[in-house]
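Please open the model in your viewer and keep the sequence panel beside it. The tour below goes stop by stop, saying what to select and what is found there.

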Amino acid sequence: MTSATLPAVRSTKPSAIRPGRILLYVVLTVGALLMMTPFIWMLLTAFKSNLEIAKFGWLPGELRWHNFVEAMQTAPFLRYFRNSLFIAVGETAFTLVVCTMAGYALAKMPLRGSKALLTYFIVLLLVPFQIILVPLFLIVKSIPLFGGNNILGHGGIGWLNSWWGLIIPLGAAPLFTFLARQFYVSLPDELAQAARVDGLGEFGIFARIMTPLIKPALITIAVFQIEAAWNGFLWPLMITTSDSMRPLQLGLAIFSQNPAEIQWPYLMAGTALATLPMIVMFVFAQKRFVEGMANVGIKG
Amino acid sequence: MSTTLERPALATPRKVTPAKDSRTLLKSQVRTGWALLAPALLHSGVFIVIPVIAVLVLSLTDYSFGDTWAWVGFGNYADLFRDVDFQASLWHTVLYAIVVIPISMAIALAVAVGLNQKIRGLTFFRTAYYIPTVTATVAVATIWLWIYNPGSGLANGFLSLFGFAPNRWLADPATALPSLMVVGIWQGLGTKVIIYLAALQTVSRDLLESADLDGAGRWQKFANVTWPAIGPVQFFVLITSIVGTFQVFDLVYVMTQGGPGSETRVLVMDIYQNAFQDLKLGYASAETVIMMIVIALFIGVGRLLQKADAND
Amino acid sequence: MRRGVGLTLLAAALSVVVSSCGNGVIDKSTDGVPPAEATGTLRVLLPSFPPSTKGKEEFQKVVDDFHKTYPKMKVEPDFATYKNLNEKMSTSIAAGIPYDVMVTGVGWVQPFASKNIFEDLGKYGVTPDVIKEKSTPALIPAVTYDKKLYAYPLIADARAVALRKSAFREAGLDPDKPPTSLAEIKVAAEKLTKRDKDGNITRSGFDLASATGFRQSFVTFLASTGTPLYVGGEPNFDNKAGLDTLLWIKSMINNVQPYGQTNAAQQPLVLTGEAAMGIVNGGVDCSADGIGQKNCDDLKFFRFNSGKEIEYVGGDLASIGSRSRHKDAAWAFIQTLTQPTTLDAIAKLNKKVPAYKDASNSPQAKSNPLSQFVADGLVYAVNENEVPSNWLEMRGNFDIQLTQAVLGQKDPAKVLHNLAGQSR
């Protein structure tokens, strides 16, 4: 009897102190520092005064924590944070549901033309957001039966200036369907066979057997989608007119409103605070990565 | 050691599947398949395909937000071929893509392999590599503007540490685009590293162990077991890299606005300017169509280069 | 534009009727209805108020004022930024839900007026004489298209020139006699440029403030010779004055200032001491939070004069949407905006100068020496003048081609000729 496993590939050999190992650490650390330096720079700049910023200097004279406080008080940032959170969570939930279903169907279901459909989703990746901005805006405005529209989508403002408009159009990107599909594809078919024998329906196989197996992909999708929603600027700007629904990045734009007088300490402080939740989220997501890859196998 | 998936304790013996059942099975699979696919198809149809059709239609007009507009057939396309800005943008974008894609994929894979060893501080390393990706692009661009400042930026400070003369970076027509390429690679690494890591972790340990037993060296293991196993994911990273580099915009818009002159002008920037600055939406739509064709060509080439992905 | 086929698809799928937030049906017109009874929503797009808490408070005062005449009209502001103005305006136009009041800048009026997007303000009694009397006459060409007026000035964004007295004295020049003509400036700048032993410029003699492009500085230098960029929408720079000016710029770059030199914080270089002379904005913060009193005292402000004393002035201009259903209300709103107290508030929020007649005595002007200086100089104001209808496109062309001329990639005379040909 053979058994195949899908565990995490990690060497169980004890890590000997070899020159190769040391080199590895050095290279990785240098790389990590290169990655982090700009962010550290941003953080340090958040503590500086206006005068210090105009002249170049690494370190601030003193740790002006009040920069952070004042930055957050310039506008209702708590509300912006809340809005961003809402949009990010909503969009991610929507994406996870829609894209895993579609990815699985493309990977495992015997659909005629599934190869063509995959190409369809890949081709959709080509479309740059900036150019479909105007038609998309029009479509969102004409969603029937919302925002005062009649059944043909006339007369009102549809999903403009609404949470629907902020979340749905940009969610479920073809990218994530593609990614989910690539992960589902590498799952062995025997798993499905076995579950079928046990009387599980196709949808059940998808939901209870296959999808839990691609947890790393799910987390990856979630991380990317949350980050994209959190950092979104152009679409929320276009689709909202009232301030009450605007997310974080739009709030940060206040500090660079007047090009002749950008409020650098506040901008850097605000951006640092905005990036922090993403970093924290990522630190937590990593652990699930590893957990999700625990021992899974099949007896054939 | 391997463990097995714990199946629910059902005592049903294995059924024999007569021909009728396999047909019903197929039908139910097809039904489920379409049902699963439907939301994504609907969503993409409404929010992407329809706007794209609108763009195609617009590309045949001279619509510019005015009261009147007219059909110009392929007039926009003809004008584009004579447009100096478009030619510059196309060339710069292709150059940018050709440099950034292979370099960032190679570095990302190397880092992912490195991180996949049993090393300490894994959380720290992975977070560090991912920070550029979670930071908003506008913030990234702004910070790099500081770094590249010829008078007082980190970059020249770094160079002077090693005794090199200061560079004008973004202010020099010759080094402006390469400087942007560095930022592009830097920012795109994190995503790729994460995806490669996830893929490396799904490589069958059994296969690796049997390769070990066969006496395969590290490089042979990598080439013959790991590399093929991460095939589908490689393809994904390649496609998304092509698309991402071709659509670079925020970085350029904030850092150079396409300057000096038009040395760093890229396609999406040109499209955006044509659409919202010059208010020539019809013209910009035609440019978008051409851009999508070029990206499709690149992806086609990418697929050829990508060897045997059996599931494709 | 696109029809409902795909949407019936959507309607079938989305059979849940949910009312989303935000305004519903498009309004009925209120023109002709007495103000006290007019109902509806006035949609206002303006970058003049930052969406910070302070900005919104100030805006609320304007709304309260407006409600004294139009108590039943709702005001829905869209606080855009200057950078995204175009996208917001164009998508609203394409979607058929245009704004009622739009505040734009110099160079925007002509393109949008030519597309019939702005309303002719002559109907509301706005004439050049009215602007001369109550506002800033120098902004009249900026709001004119085809002999009609399409916008009303709110605030003026003026630029002056500054020199560092200490640098002047050090170089043996008299800070009380600033060089004002282009030729004089060049001579002085060359004396003031400091270099290191490798020949790299360590302190620029003159900051042309053109890191992002030479369009605005070209307009300024050209105007100082008495030559406006455009006259009546026709190019006026493909001539000796234009060529001389462009060649002058070319001779200054990489001579007294390295190309693309910019302060990382985007501050004018003469304020930080990285240049001995240079173009500045319309206000300076002399407090400890800003550049400090010592720095402030070391500055002397002056204006260009190569035949004509000038001061570059841009600004915020308010227009009414031609497809608005509340044009009367929109005009009333603009009138509320142009009350001196409101303009003072906007000026303070943006560190610019209000565009009313007595700007020199405005609180903002009195708040710092530079604002006072530029407010006093509004009589010398110049800008791109009455630009052609494709100016938004020309802006980009100017930025690119002037840079190419200065960097030696293209011939200056040919560039000017080309730009003149592209203007429509």
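## The two domains of chain A

Begin by colouring domain 1 of chain A and domain 2 of chain A separately: in this predicted model, their C-alpha centres lie 31 Å apart. For the selection, the domain assignment places domain 1 at residues 18-63 and domain 2 at residues 75-295 of chain A.

Next, show the residues at which these two domains meet, where seven residues of domain 1 of chain A are in contact with six residues of domain 2 of chain A. On the domain 1 side, H1 and helix H2 (50-54) of chain A each contribute at least two residues, and H1(A) gives the most, with four residues. Coloured by class, this side of domain 1 of chain A shows four nonpolar, two polar and one charged residues.

## From chain A to chain B

Keep helix H1 (residues 19-46) of chain A selected and bring chain B into view, since the next stop also involves this helix. The contact between the chains takes 81 residues from chain A and 89 residues from chain B. On the side of chain A that touches chain B, the largest share, 12 residues, comes from H1(A). That side of chain A divides into 59 nonpolar, 17 polar and five charged residues.

## A helix pair in chain A

Now hide chain B and select helix H4 (residues 77-108) together with helix H11 (residues 215-230), both of chain A, which pack at an angle of about 140° with their axes 8 Å apart. The crossing of H4(A) and H11(A) is right-handed.

Which residues of H4(A) meet H11(A)? Display the side chains of A:Ser84, A:Ile87, A:Ala88, A:Glu91, A:Thr92, A:Thr95, A:Leu96 and A:Cys99 in H4(A), and opposite them those of A:Leu218, A:Ile221, A:Ala222, A:Gln225, A:Ile226, A:Ala229 and A:Trp230 in H11(A). By class, the residues of this contact are 10 nonpolar, four polar and one charged.

## Two loop residues with positive phi

Move to the loop between helix H7 (163-167) and helix H8 (174-185) of chain A and pick out A:Ala172. Its phi is near 50°, a positive value in a residue other than glycine, whereas most residues other than glycine have a negative phi. Is A:Ala172 buried or exposed? A:Ala172 counts as buried because it has 26 C-beta neighbours inside 10 Å.

For the second such residue, go to chain C and select C:Asn385, in the loop between strand E17 (381-382) and helix H16 (391-406) of chain C. Phi of C:Asn385 is near 75°, again a positive value in a residue other than glycine. With 21 C-beta neighbours inside 10 Å, C:Asn385 therefore counts as buried.

## A sheet in chain C and the helix on it

Stay in chain C and show the open sheet of three strands, ordered E12-E7-E13, in which the pairing is antiparallel. Strand E12 (277-280) and strand E13 (299-302) of chain C are the edge strands, each pairing on one side only. From one strand to the next, the twist averages 35°.

Zoom in on strand E7 (residues 160-164) of chain C and E13(C), which pair in the antiparallel sense over four bridges. Here C:Val161 has C:Phe302 in E13(C) as its bridge partner.

Finally, add helix H15 (residues 369-376) of chain C, which packs on the sheet and touches E7, E12 and E13 of chain C. The direction of H15(C) makes about 135° with that of E7(C).

Key. Residues are numbered from 1 along each chain as its sequence is written. Chains are lettered from A and ligands numbered from 1 in the order in which they are written. This is a predicted model: local features need pLDDT of at least 70, side-chain atom pairs count only at pLDDT 80 or more; totals for chains, interfaces and linings use all residues. Axes are lines fitted to C-alpha atoms, for helices over the stretch in contact, and angles run from 0 to 180 degrees between N-to-C directions. A crossing is left-handed if the near helix is turned anticlockwise from the far one by less than a right angle, and right-handed if clockwise. Ala, Val, Leu, Ile, Met, Phe, Trp, Tyr, Cys and Pro count as nonpolar, Asp, Glu, Lys and Arg as charged, and the others, Gly among them, as polar. A residue is buried if 20 or more other C-beta atoms lie within 10 Å of its own, exposed if 12 or fewer, and partly exposed in between; C-beta atoms are placed from the backbone. Domain bounds come from an automatic or database domain assignment. Two strands pair if DSSP finds at least two bridges between them.
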